[in-house]
Amino acid sequence: MSSRHRIPNALLLLLALLTDSLPHLQAASGRSLPARFSRDQLGGGAVHPSLKRPTLLTFHGFVEDAQGRQPIILHVLIKAKRLSDGSFSVRAVSYAERVSLQSNEQFAPNPTRMEMFLEYQAGADQPWQSLQLMMLGMLIAQGPFVQQVQVPLGVNVKNLRLRVLDWPIFHTVDLHKLAMNGLHGQYMKLDGPFQHGVVISDIHGIETTAAAQLLASHMAHHLALGFEQYVVYTRGPEIFEALVGNSVTANYIQAGLLQLVTMESLQVPSYDDTRTDKAYPFHQSYDSMKLIAYNHASLMFWGDRFRLAVLDPDEFWSSHQSHSQVSTWFDTCFPYADLIMSTRVEVVCNDCPLNGGTELSYLQQHWDESNPTGVLEHWSKVVTFSQDPKSMFWPDKVSQVWLHRPNLLPGSHSVLVTIDETQREVVHADSCVYVVHMYNLFKHRIPNDMTSVYNPLRWLVQ
């Protein structure tokens with residue numbers, strides 16, 4: 001079922017949430033933050049585990065694609081969880097890269113086959129038998145590929161061989177050891193309350209001091225909504241140093257709320273940096289840094305009762321005050337949803353000078369460490385809507401995560417919160433949740449007079 005209602009001013013809702021819900025982030029005295037936040041101050045006393053990352057294995061081999069047989073490097077992230085009967089469920093995320101990248105080629109090939117197997121022996125002198133990891137649903141044939149298998153009781157899970165296609169190379173894996181990398185121990189967590197995390201992959205390419213300030217505001221906003229964990233993917237030491245040097249994000253790192261994962265640790269080569277000011281080709285259709293980051297995070301939270309929101313640093317989940325906690329979006333608004341997708345309200349800075357640099361530079365000039373969300377009040381003009389959704393999902397119920405949404409597994413349920421530009425109404429729940437996008441953050445301010453272009457949408461602006 002769905003309901004259709006008018007939404008109130010999106011910005012006022014965002015600002016009310018930011019200003020009313022964050023007294024615990026204000027400095028106790030002066031303008032500096034405490035040296036360390038307690039867990040009760042950040043996230044309502046929830047447990048914030050030190051994230052244990054999936055094991056990364058690397059293979060070299062050949063695949064067939066449209067260009068024929070070619071050599072590739074295949075990186076396999078693997079995680080195991082023990083089920084209540086003692087058997088194991090194994091999920092793998094793999095991503096391939098070409099050994100050499102020509103100027104007109106994309107980072108990843110499009111293989112016609114990508115089978116993966118776990119091999120075991122019934123006894124020391126017995127032949128090896130195979131369990132095939134089944135390919136789960138895909139949205140893009142270049143990967144990353146998500147595969148899964150259940151290893152039955154009776155299999156010697158301490159001495160398995162992981163193979164790809166008919167390649168002679170294999171890796172030996174111990175499922176007991178892999179299962180201990182779970183956030184909450186080795187067992188699959190099938191019930192109990194959810195925790196909620198945010199993953200951001202696209203923080204590279206921004207001036208690092210401003211990026212740290214933007215992320216601090218982003219985190220303060222979402223922590224107030226009840227999110228409890230951030231995983232941010234970075235490239236190079238500069239952004240890491242900026243995040244450690246910013247007092248707000250440094251405290252979040254200390255408190256275990258902000259986990260940093262470098263793309264170098266995932267062996268994503270530097271020529272994948274998809275920025276137009278680089279010498280490398282820019283492949284909009286396949287942004288491998290984002291895709292690898294999103295699918296790595298999804299695997300990291302798989303089996304551990306977490307929901308994951310995928311965002312860019314200029315996008316914010318928002319809600320009405322009656323549903324100001326992320327848990328209520330699933331428990332009250334959409335109790336059967338494994339995936340919530342929302343289109344976006346696009347806002348611009350109404351106070352930025354026309355000739356004063358980018359909107360991001362304005363944010364940097366007015367950012368205050370004692371109130372990291374206060375600067376967001378300047379983004380108060382709604383100019384349009386985007387029908388390109390952002391998503392929040394339970395990793396157990398999805399397979400491949402594409403740029404803005406995951407592939408939902410059979411039997412799972414989703415809801416799409418959309419804005420109808422003609423009727424200017426929200427479909428499903430304006431009384432619940434939607435996404436606000438700082439539409440012009442990395443550009444110069446849009447002129448004030450937008451009546452001729454945006455007049456039909458001005459009803460949202462008070």
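## Buried charges, crossing helices and odd backbone angles

D304 is buried, with a relative accessible area of 0%. This residue opens the exercises below, which all use a predicted model.

**Exercise: the overall picture**

Work out how many helices and strands the chain has, and what share of its residues count as buried.

*Solution.* Start with the secondary structure: there are nine helices and 21 strands. Next, look at burial: the chain has 462 residues, and 58% of them count as buried. Finally, check the contacts between residues at least 6 apart in sequence: 76% of these join residues at least 24 apart.

**Exercise: a partner for D304**

Find the side chain that meets D304 in a salt bridge, and say which parts of the chain the pair ties together.

*Solution.* Start with the distance. The side chains of D304 and K79 come to 2.9 Å, N to O, and the cut-off is 4 Å, so this pair counts as a salt bridge. Now place the two residues: D304 sits in the loop between helix 6 (288–301) and strand 13 (306–311), while K79 belongs to strand 3 (residues 68–82), so the bridge ties together parts that are 225 residues apart in sequence. Then check burial. K79 has a relative accessible area of 2%, and buried means under 20%, so K79 is buried. D304, at 0%, is buried as well. By the same rule, the count comes to eleven salt bridges.

**Exercise: build a network**

Starting from D312 and K290, work out which residues are joined into one network by salt bridges that share partners.

*Solution.* Begin with the pair itself: D312 forms a salt bridge with K290, and their closest N and O atoms are 3.2 Å apart. D312 lies in the loop between strand 13 and strand 14 (315–319), and K290 lies in helix 6, so this pair ties together parts that are 22 residues apart in sequence. Both D312 and K290 are buried.

Move on to another pair. E315 and R344 meet in a salt bridge at 2.4 Å, N to O. This one links distant parts of the chain, with E315 in strand 14 and R344 in strand 15 (residues 339–349), 29 residues apart. E315 and R344 are both buried too. Now put it all together: K290, D312, E315, R344, D388 and K390 form one network through salt bridges that share partners.

**Exercise: a charge without a bridge**

Is D338 buried or exposed, and how far away is the nearest side chain of opposite charge?

*Solution.* Locate the residue: D338 is in the loop between helix 7 (326–333) and strand 15. D338 is buried, and the nearest side chain of opposite charge is K397, 5.0 Å away. A salt bridge needs a distance within 4 Å, so D338 has none. Now see what surrounds it: leaving out residues up to four places away in sequence, D338 touches F330, M392, F393, W394, K397, S412 and H413.

**Exercise: how do the helices cross?**

Classify the crossing of helix 3 with helix 4, then that of helix 4 with helix 5.

*Solution.* Take helix 3 (residues 208–224) and helix 4 (residues 237–245): their axes come within 8 Å and cross at roughly 50°. That makes helix 3 oblique to helix 4. The crossing is right-handed. Helix 3 makes the contact with T208, T209, A211, A212 and L215, and helix 4 with E238, I239, A242 and L243.

Now try helix 4 and helix 5 (residues 247–254), whose axes come within 5 Å and cross at roughly 90°. These two helices are therefore roughly perpendicular to each other. Here A242, L243, V244 and G245 of helix 4 meet S247, T249, A250 and I253 of helix 5.

**Exercise: backbone oddities**

Find where L165 and R305 lie, and which peptide bond leading to P144 is cis.

*Solution.* Go to L165: phi is near 50°, a positive value in a residue other than glycine. L165 lies in the loop between strand 8 (160–164) and strand 9 (171–173), and at 13% relative accessibility it counts as buried. Next comes R305, which is not glycine either and has a positive phi near 60°. R305 lies in the loop between helix 6 and strand 13 and is buried, with a relative accessible area of 12%. Last, the cis bond: it runs from G143 to P144, with omega near 5°. P144 lies in the loop between strand 6 (128–135) and strand 7 (145–151).

Technical notes
Residues numbered from 1 in each chain as written. Predicted model: local features only at pLDDT ≥ 70, side-chain atom pairs only at ≥ 80, totals over all residues. Heavy atoms only, no water. Helix = DSSP H or I, 4+ residues; strand = E, 2+ residues; numbered from the N terminus. Buried < 20%, exposed > 50% of the residue type's maximum accessible area, 1.4 Å probe, protein only. Lys, Arg positive; Asp, Glu negative; His and termini not counted. Contact = heavy atoms within 4.5 Å. Axes fitted to C-alpha atoms, helices over the stretch in contact; angles between N-to-C directions. Parallel < 35°, antiparallel > 145°, perpendicular 65-115°, else oblique. Left-handed = near helix turned anticlockwise from the far one by under 90°.
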